[in-house]
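Visitor: I am new to this structure and would be grateful for a close look at a single part of it, the sheet. Please describe how the sheet is arranged and what surrounds it.

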Amino acid sequence: MKHIGFYGGTFNPIHLGHVGVCRTAVEQLRLDRLYLTPTFVPPHKAAPDLAPGEDRLEMCRLAVREIPEVVVDDYELRREGISYTILTLRRLREVFPEDEIYLIMGTDNFLTFELWRDWREIGKIATLAVASREEDDSEALCRKAQLLLDEDIHTVFLKNEVRVISSTEIRKKLKAGEESNLLPSAVMEYIKGNELYRGGSKK
């Protein structure tokens, strides 16, 4: 039986925290494949400064090129519309009918999981794999995991390095023409070369 991971998000832009979660998930969950999937339109938050999908996809490829198990997937960008996780997970279950599927998410998404579309079905398809984003969130995460277990939804906690990184703050620096050391160097070079987050792309 294979172990398959799915990690979705705007990745606007993908930063070192995201890359660290990918590495931890691959190692801890013994993933044969991890699908890193940029959203087309996120369902739960406004994204007025969302970079073009093709740019976010390429930045993801650059960021994880040294992690062979990670596959950067353009499924949600090709499908367009609001990127509901359940739709992508149904597709993965069709492709991997007998395999273990893990849904990788951060603290904020986990604590509001019941607001997701068809969250109970998500819990039937996948085990939730949660990456902590705050130093002191373990108690809240454990309480939530117990509540979800009552719904027969199973959770594992990733032993990732906790890095408090704000994508909003990164974009503010980039808009001001500054560089960020919270981005993989190849991603930073791509952003500069394509003038992203400074009023658009050259393309």
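Guide: What follows is an account of the sheet, then of the helices and cores, and lastly of some individual side chains. Please bear in mind throughout that this is a predicted model.

The sheet is open and is formed by six strands, whose order is β3-β2-β1-β4-β5-β6. The pairing is parallel. Strands of a sheet in general pair through backbone hydrogen bonds, and they may do so in a parallel or an antiparallel manner. At the edges stand β3, residues 70-72, and β6, residues 155-158. Each of these two has a single partner strand, so one side of each has no neighbour in the sheet. From one strand to the next, the twist averages 25 degrees.

Let us turn to β1, which covers residues 3-9. Its parallel pairing with β2, residues 33-38, extends over six bridges. Within this pairing, Y7 lies opposite L36 of β2, and G9 lies opposite P38 of the same strand, β2. Strand β1 also pairs with β4, again in the parallel sense, and here there are five bridges. The bridge partner of F6 in β4 is L103. Of the seven residues of β1, six are buried; the strand is therefore largely enclosed by the rest of the structure.

Helices lie against these strands. Helix α2, residues 53-63, lies across β2 and β3, and its direction is at about 150 degrees to β2. Helix α4, residues 85-95, also packs on the sheet, where it touches β1, β2 and β4 (100-106). The direction of α4 makes about 155 degrees with that of β4.

In soluble globular proteins, nonpolar side chains tend to be buried together. In the present model, the largest nonpolar core contains 39 residues, and those with the most contacts inside it are I14, L36, I104 and I191. Several elements each supply at least two residues of this core, among them the strands β2, β3, β4 and β5 (127-131), and the helices α1 (16-28), α2, α8 (167-175) and α9 (185-194). Leaving out residues up to four places away in sequence, I191 touches P13, M59, L174, L183, L196 and Y197. L36, named above as standing opposite Y7, is thus met again among the core residues with the most contacts.

There is also a second, separate core of 24 residues, which includes F113, W119, I122 and A126. F113 takes part in ring pairs as well; the whole structure has five aromatic pairs. The pair of F113 and W116 is tilted, with 5.4 Å from centre to centre and 55 degrees between the planes. The pair of F113 and W119 is edge-to-face, at 6.1 Å centre to centre and with 75 degrees between the planes. Ring pairs thereby link F113, W116 and W119 into a cluster. F113 and W116 are both buried, and W119 is buried too. Elsewhere, R117 lies over the face of Y84, 3.9 Å from the ring centre.

One loop that follows a strand of the sheet completes this account. S132 is placed in the loop between β5 and α7 (138-149). Its relative accessibility is 15%, and because of this S132 counts as buried. Apart from neighbours within four places in sequence, S132 is in contact with T107, D137, L141, N160 and V162.

Terms used: Residues are numbered from 1 along each chain as its sequence is written. This is a predicted model: local features need pLDDT of at least 70, side-chain atom pairs count only at pLDDT 80 or more; totals for chains, interfaces and linings use all residues. Side-chain values use heavy atoms; hydrogens and water are left out. Rings of Phe, Tyr and Trp (its six-membered ring) pair if their centres lie within 6.5 Å; planes under 30 degrees apart count as stacked, over 60 as edge-to-face and the rest as tilted. Buried means under 20% relative accessible area, exposed over 50%, partly exposed in between (1.4 Å probe, protein chains only). A charge sits over a ring if NZ of Lys or CZ of Arg is within 6 Å of the ring centre and within 35 degrees of the ring normal. Two strands pair if DSSP finds at least two bridges between them. Helices (H or I, at least four residues) and strands (E, at least two) are DSSP runs, numbered from the N terminus. Axes are lines fitted to C-alpha atoms, for helices over the stretch in contact, and angles run from 0 to 180 degrees between N-to-C directions. Contact means heavy atoms within 4.5 Å. A nonpolar core is a set of buried Ala, Val, Leu, Ile, Met, Phe, Trp, Tyr and Cys residues joined through side-chain atoms within 4.5 Å.
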